[in-house]
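Visitor: I should like to learn how a structure of this kind is read. May we take it step by step?

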Amino acid sequence: MAPNPIYLGVVGVGGVGTAFLQQLAKLPNAPSLVLLARSSQTLLSPAPSYSPAIPAADWQTASTAPSITKSGALSSSELISYLSSAPGRSVLVDNTSDPKLASAYPEFLKAGISIVTPNKKGFSSDLSLWKDIFASAASGKALVYHESTVMAGLPVLSTLRDLVATGDEVTRIEGVFSGTLSFLFNTFAPVSSSGSPAKWSDVVIKAKELGYTEPDPRDDLNGMDVARKLTILARISGLEIQSPSSFPIESLIPSELASLPATSAGVAEFIARLPEFDGSMDALKEQAEKAGKVVRYVGSIDIATKEVKVGLQQFDNDSAIAGLKGSDNVVSFYTKRYGSNPLIIQGAGAGGDVTAMGVTADLIKVIERL
Ligand SMILES: NC(=O)C1=CN([C@@H]2O[C@H](COP(=O)(O)OP(=O)(O)OC[C@H]3O[C@@H](n4cnc5c(N)ncnc54)[C@H](OP(=O)(O)O)[C@@H]3O)[C@@H](O)[C@H]2O)C=CC1
Ligand SMILES: N[C@@H](CC=O)C(=O)O
Ligand code: NA
């Protein structure tokens with residue numbers, strides 16, 4: 001055994017979590033996977049030895065062994081107690097979108113447990129939680145990495161942090177920040193198409209099937225997912241944004257469907273009734289087409305004026321944003337150092353594999369730096 005081994009707890013085995021486990025299984029010198037939880041079931045390597053480890057490549061077979069299986073998820077305090085008692089350093093990988101788990105990150109960090117996550121909730125809710133997370137990490141030896149919270153695995157947060165840490169001054173950030181909304185508009189309102197036009201509601205279902213949407217797709221369509229990403233980018237750039245509701249957000253949810261409950265039945269009813277509103281999305285598309293343009297969902301941050309914008313805009317057919325394909329995102333960082341030619345990052349902004357890549361790369365950094 002390594003002199004100071006690392007023990008890994010993973011919560012969430014959905015689209016991102018499954019892809020992460022596949023990547024973990026192929027890592028040389030991977031840490032020992034001792035905890036693996038879904039909302040319905042938790043696998044635990046038995047204490048006090050925390051051995052045998054759960055096989056990342058074959059966790060489904062392991063999940064049938066009654067000796068390591070508990071029904072239901074553990075509470076945050078049970079997770080902290082289990083991971084902080086491991087005979088070495090420990091890391092929590094949170095592959096859920098659970099705000100409750102995210103609000104406990106300061107407690108994990110204070111207990112010496114490092115955090116790696118694509119879950120935006122901890123970093124884009126109230127500013128006090130953001131401050132508490134980074135103060136808790138700074139006060140001890142635990143680390144926190146969350147690259148995949150913005151534009152999936154694309155190296156966006158690491159780049160922005162490098163710009164800031166090396167003394168550059170960010171003046172403006174703009175781009176397409178939602179993989180789902182990029183896919184929706186690129187498919188529903190392409191610059192040119194030969195086949196029959198796609199229906200908005202069909203493309204929403206396709207985006208969900210492809211694993212691009214949030215667990216509740218209304219969090220993409222109401223603009224909140226983009227607002228959360230801009231909140232994170234703005235905070236790293238030095239703006240103290242109180243919460244994502246501190247600025248206006250343009251929602252694509254029809255007002256008639258806005259009050260459906262935030263439950264799986266609410267999601268199902270939302271999806272079932274969406275075709276009733278295809279006509280209004282067609283009208284939006286046709287209005288842009290009449291002006292020789294396409295409509296896209298974009299965001300921007302102006303650092304000097306502290307203005308954050310999230311919503312629809314029309315673009316010329318030959319513009320870079322109109323030309324994006326699939327679930328591609330693009331961000332332009334305007335800074336003092338880069339002048340009028342921004343630093344640009346572009347590529348797939350959603351999907352299990354590309355999101356898990358950011359999570360696995362963060363885990364590698366934690367292993368190297370812990
Ligand atoms: N999909 C993408 O392209 C991207 C996703 N992300 C983020 O990654 C995270 C995961 O997304 P994704 O994999 O698509 O979501 P999924 O809905 O596919 O998976 C979520 C998983 O979390 C589990 N879960 C939820 N709450 C708890 C809990 N309290 N305890 C234990 N398990 C829990 C669910 O369990 P069960 O299966 O039992 O319901 C499920 O396994 C989200 O925060 C999302 O915003 C970030 C960038 C891109
Ligand atoms: N639902 C999100 C996933 C990544 O953050 C998106 O579509 O961009
Ligand atoms: Na990223």
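Guide: Let us start from a single residue. This is a predicted model, and in it Pro217 sits in the loop between α10 (200-209) and α11 (218-221).

Visitor: Is Pro217 buried or exposed?

Guide: One counts the C-beta atoms around the residue, and 20 or more within 10 Å make it buried. Pro217 has 21 C-beta neighbours inside 10 Å, so it counts as buried.

Visitor: Which residues does Pro217 touch?

Guide: Leaving aside residues up to four places away in sequence, Pro217 touches Val204, Lys208 and Val267. By contrast, one may take Leu160, 57 residues from Pro217 along the chain: their C-alpha atoms are separated by 28 Å.

Visitor: How should I read a strand?

Guide: One asks about its partner and its surroundings. Strand β1 (residues 6-11) pairs with β2 in the parallel sense, over five bridges. Tyr7, for instance, has Ser32 in β2 as its bridge partner. As for surroundings, six of the six residues of strand β2 (residues 32-37) are buried, so this strand is largely enclosed by the rest of the structure.

Visitor: Into which domains is the protein divided?

Guide: There are domain 1 (6-152 + 354-369) and domain 2 (166-349). Their centres, taken over C-alpha atoms, are separated by 29 Å. The contact takes 14 residues from domain 1 and 20 residues from domain 2. On the side of domain 1 that touches domain 2, the elements giving two or more residues are α6 (121-124) and α7 (127-139). The residues of that side divide into seven nonpolar, five polar and two charged.

Visitor: What does a database record add?

Guide: A record may attach a name to a stretch of sequence. In an unreviewed entry, UniProt lists residues 12-147 as "domain: Aspartate/homoserine dehydrogenase NAD-binding". Over residues 12-147 the chain is 38% helix and 18% strand, with the end C-alpha atoms 17 Å apart.

Visitor: Where does ligand 1 lie with respect to the domains?

Guide: One looks at which parts supply the surrounding shell. Domain 1 and domain 2 both give residues to the shell around ligand 1, so the ligand lies between them. Of the 30 residues around ligand 1, Gly12, Gly14, Val16, Ala73 and Ser97 come nearest. Helix α1 (residues 15-25) gives the most to this shell, with three residues. By class, the shell around ligand 1 has 11 nonpolar, 15 polar and four charged residues.

Visitor: Which residues are around ligand 2?

Guide: Among them are Ser178, Thr180, Tyr212, Glu214 and Asp225. The shell around ligand 2 divides into three nonpolar, five polar and three charged residues.

Conventions:
Residues are numbered from 1 along each chain as its sequence is written. Chains are lettered from A and ligands numbered from 1 in the order in which they are written. This is a predicted model: local features need pLDDT of at least 70, side-chain atom pairs count only at pLDDT 80 or more; totals for chains, interfaces and linings use all residues. UniProt positions are given in the numbering used here, feature names are shortened, and annotations may be inferred rather than shown by experiment. Helices (H or I, at least four residues) and strands (E, at least two) are DSSP runs, numbered from the N terminus. A residue is near a molecule or strand if its C-beta atom, placed from the backbone, lies within 6 Å of it. Ala, Val, Leu, Ile, Met, Phe, Trp, Tyr, Cys and Pro count as nonpolar, Asp, Glu, Lys and Arg as charged, and the others, Gly among them, as polar. Domain bounds come from an automatic or database domain assignment. A residue is buried if 20 or more other C-beta atoms lie within 10 Å of its own, exposed if 12 or fewer, and partly exposed in between; C-beta atoms are placed from the backbone. Two residues are in contact if their C-beta atoms, placed from the backbone, lie within 7 Å. Two strands pair if DSSP finds at least two bridges between them.
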